[in-house]
Amino acid sequence: MCGIVGYIGTQEAYPILIKGLKRLEYRGYDSAGVALLNHSNELNVYKAKGKVADLEYSVASKDTSGTIGIAHTRWATHGEPNDANAHPHYSQSSNLALIHNGIIENYMVIKQELLRNEYEFKSSTDTEVLVHFIEYIKETNNVDLCRAVQIAMGEVVGAYAIAILDKNNPDQIIAARKSSPLVIGIGEDEFFLASDATPIIEYTDKVIYIKDEEIAVINRGCPIKILNMTDIEQTPEIKTLEMNLSQLEKGGYPHFMIKEINEQPQTIVDCIRGRVSVEAMDVILSGVLDHKDKFLNAKRIIIVACGTSWHAALIGEHLIEDLCRIPVEVEYASEFRYRNPVLNKEDIVIAISQSGETADTLAAVELAKASGAFIYGICNVVGSSIARATDAGSYIHVGPEIGVASTKAFTGQVTVLSMLALTIAKERKTIEKELYVSLINELAAIPEKMKKVLEKNEIIKDLSKIFTYAHNFIYLGRGYNYPAALEGALKLKEISYIHAEGYPAAEMKHGPIALIDTEMPVVAIATTDRIYEKTISNIQEIKARKGRVIALVTEGDDVVCNIADYCIEVPKTLEYFAPLISAIPLQLLAYYIAVNKGCNVDQPRNLAKSVTVE
Ligand code: F6R
């Protein structure tokens with residue numbers, strides 16, 4: 001989703017802005033642009049449809065000088081991706097240039113008012129309406145830019161993170177946010193501005209996360225000033241970043257996605273470090289233990305999330321109900337926020353989000369908060385909006401996930417949910433000591449088992465060649481592996497553009513079995529668990545209709561391998577943790593099929609890493 005970068009300081013801004021935009025490419029975008037105030041105080045705006053490299057190419061012979069600038073990658077919402085709709089947008093007088101991440105919902109009403117005042121529009125965007133509106137307020141109220149932004153923000157409805165340059169004030173950037181992320185990096189006599197910390201980390205580890213409805217006034221050579229919408233100065237909270245630059249590079253892999261798939265044995269070690277102890281035979285998830293009473297008294301847990309995080313939530317439902325005997329409901333955050341849900345003070349709402357910025361999940365958190373429920377966050381990005389909006393939580397600690405398709409975040413989320421369920425189960429005394437011990441041992445063994453799965457890389461790569469040109473896929477699983485089947489199908493469809501559906505295996509005969517023929521590959525997750533025998537019957541049903549079955553089985557399972565057309569063997573684990581193992585071959589299969597098809601694996605079409613609009 002849109003990315004914002006800004007710079008003010010002593011260095012040339014353009015190379016820093018371009019590098020910053022490239023660091024944000026993973027968020028997904030369709031056009032890019034930059035605004036620079038040169039040494040003669042001319043405000044130059046350059047924009048191009050396509051990649052950041054297209055922008056660089058188009059400005060090759062232009063004036064890109066200046067030590068202050070803002071830049072943007074756009075993910076189209078209002079108006080198609082083209083040069084005109086790309087950001088930055090000039091104001092009517094061309095004195096202001098603005099970039100924006102988010103949506104201004106009442107832009108049509110504002111536009112009508114501006115049209116009545118003879119404003120002209122060069123794009124179809126809500127962003128151009130916003131910059132004209134700010135200038136209109138500035139002129140009609142005779143106020144400075146900061147005050148004009150405050151007044152405008154009081155009138156616009158929606159989500160935004162914005163940054164503005166003013167030709168008449170060449171030593172200042174004004175930035176503001178509501179619901180969309182914005183981080184400011186503090187260097188020596190210089191400031192960096194970005195949608196997340198990735199463009200900032202190579203210059204400084206000191207950052208300020210701008211809060212909702214705050215305005216940052218960044219003046220060259222002065223301390224930063226943060227104001228709220230009513231002009232009251234706020235004390236900035238300076239944080240130290242923990243990520244490092246090497247975590248943002250591909251490390252010799254051709255794509256971030258395959259790097260991140262291969263990182264999983266290590267990311268699970270990082271996720272359970274200091275939390276799971278085989279020596280003490282204990283799990284200590286401090287976020288839960290610090291709020292033990294809430295979890296002891298919980299009547300119900302509702303988990304809200306989107307996409308892959310929603311699939312992790314479904315596994316969380318199994319884990320918590322199985323081990324803690326607390327009823328769990330899993331909701332799409334986008335549905336939950338608009339359906340007037342019944343919430344009580346004894347409810348716990350868990351929000352799962354890799355980015356911590358997903359607009360629907362954040363809105364679901366705000367809604368649940370208003371009802372008085374206790375809100376627990378499971379996020380990856382430290383300091384993200386959801387992490388800050390929740391009452392307590394646990395980070396998954398898997399490091400920056402750059403590939404748009406979520407991989408290591410999924411297994412990290414499932415691992416945190418496993419630790420959460422074990423911690424609550426122990427406190428509520430709903431788990432037998434023997435099971436508790438064997439689950440701790442097994443969780444600690446998962447990274448080594450993941451390494452064994454990754455050794456199947458070449459087998460899966462070869463298999464991918466057979467199915468590269470399939471048009472449809474079905475993924476089947478039962479119990480804990482049903483969400484894994486959904487996740488496998490999502491991975492395939494989002495990066496290879498092959499239609500794929502996940503189903504609970506037994507549900508097949510209620511409709512989808514009509515699709516089965518020799519052309520339909522079926523990925524069946526049939527690792528040994530409570531309902532293994534039933535899954536075998538479901539595979540037989542597919543084979544009886546000449547479906548082609550790729551089965552994921554536990555090592556040494558000749559029974560399924562004799563029925564299926566192709567087999568991928570994975571190490572045995574307890575069924576509670578089955579998705580941690582099953583997810584990896586499915587990620588690899590999707591990855592190699594997409595690579596064979598020549599797809600842009602890390603930045604699939606139409607997708608964004610951080611979905612900051614609803
Ligand atoms: C799929 C994928 C998306 C995200 C979804 C939620 O690979 O990445 O489905 O899982 O957009 O994002 P977060 O977890 O950041 O809230």
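Which elements cover the buried residues of α5? In this predicted model, the cover includes the strands β6 (96-104), β7 (158-166), β8 (172-178), β12 (214-219) and β13 (225-228), together with the helix α4 (126-141). Helix α5 itself runs over residues 145-155. Its buried residues are L145, C146, A148, V149, Q150, A152 and M153.

## Helix α12

A second helix, α12, covers residues 359-370 and has 12 residues. At 1.5 Å a residue, counted over one less than the number of residues, helix α12 should span 16 Å. The C-alpha atoms at the ends of α12 are 17 Å apart, which agrees with that expectation.

The buried residues of α12 are A359, D360, T361, L362, A363, A364, V365 and A368. These buried residues pack against three strands, β18 (300-305), β20 (347-353) and β21 (374-379). They also pack against two helices, α11 (333-336) and α13 (385-389). Just after α12 comes G372, which takes a positive phi of about 90°.

## The ligand and its shell

There are 15 residues around the ligand, and those that come nearest are S309, S353, S355, T358 and E494. By class, the shell has five nonpolar, eight polar and two charged residues. Helices α10 (307-324) and α17 (481-496) each supply at least two residues of this shell.

Polar side-chain atoms of S353, T358 and K491 each lie opposite an oxygen atom of the ligand, at the distances below.

| Residue | Atom of the residue | Atom of the ligand | Distance |
|---|---|---|---|
| S353 | polar side-chain atom | oxygen | 2.6 Å |
| T358 | polar side-chain atom | oxygen | 2.4 Å |
| K491 | polar side-chain atom | oxygen | 3.0 Å |

How much of the ligand does the protein bury? Taken alone, the ligand exposes 400 Å², and the protein buries 90% of that.

## A485 in helix α17

Helix α17, one of the helices that supply the shell, also holds A485. Is A485 buried or exposed? At 0% relative accessibility, A485 counts as buried, because the cut-off for buried is under 20%. Leaving out residues up to four places away in sequence, A485 touches Y475, L476, G477, G502, Y503 and I525. A485 and G287 are 198 residues apart along the chain, and their C-alpha atoms are separated by 30 Å.

## Backbone exceptions

Most residues other than glycine have a negative phi, and most peptide bonds are trans. Some places in this model depart from that pattern.

The peptide bond that joins H87 and P88 is cis, with omega about 0°. P88 lies in the loop between β4 (68-74) and β5 (89-90).

D189 is not a glycine, yet it has a positive phi of about 55°. This residue sits in the loop between β9 (183-186) and β10 (191-194). D189 has a relative accessibility of 54% and therefore counts as exposed, since the cut-off for exposed is over 50%.

N606 is likewise not a glycine and has a positive phi of about 65°. N606 is found in the segment after α20 (578-596). With 63% relative accessibility, N606 counts as exposed.

A608 also lies in the segment after α20. Unlike N606, which is exposed, A608 counts as buried, at 13% relative accessibility. A608 and Y203 are 405 residues apart along the chain, and 25 Å separates their C-alpha atoms.

## Q11 and the loop of D189

Where does Q11 lie? Q11 is in the loop between β1 (3-8) and α1 (13-23). Its relative accessibility is 33%, so Q11 counts as partly exposed.

Although Q11 and D189 are 178 residues apart in sequence, their C-alpha atoms are 9.8 Å apart in space. Setting aside residues up to four places away in sequence, Q11 touches I16, G66, T67 and E190. With E190, the link includes the side chains: a polar contact of 2.9 Å joins those of Q11 and E190.

Methods. Residues are numbered from 1 along each chain as its sequence is written. This is a predicted model: local features need pLDDT of at least 70, side-chain atom pairs count only at pLDDT 80 or more; totals for chains, interfaces and linings use all residues. Side-chain values use heavy atoms; hydrogens and water are left out. Helices (H or I, at least four residues) and strands (E, at least two) are DSSP runs, numbered from the N terminus. Buried means under 20% relative accessible area, exposed over 50%, partly exposed in between (1.4 Å probe, protein chains only). Contact means heavy atoms within 4.5 Å. A residue is near a molecule or strand if one of its heavy atoms lies within 4 Å of it. A polar contact is a pair of N or O atoms within 3.5 Å; within protein, one must be able to donate a hydrogen and the other to accept it, and residues adjacent in sequence count only if both atoms are side-chain atoms. Accessible areas come from the Shrake-Rupley method with a 1.4 Å probe; for residues, only the protein chains shown count as cover. Ala, Val, Leu, Ile, Met, Phe, Trp, Tyr, Cys and Pro count as nonpolar, Asp, Glu, Lys and Arg as charged, and the others, Gly among them, as polar.
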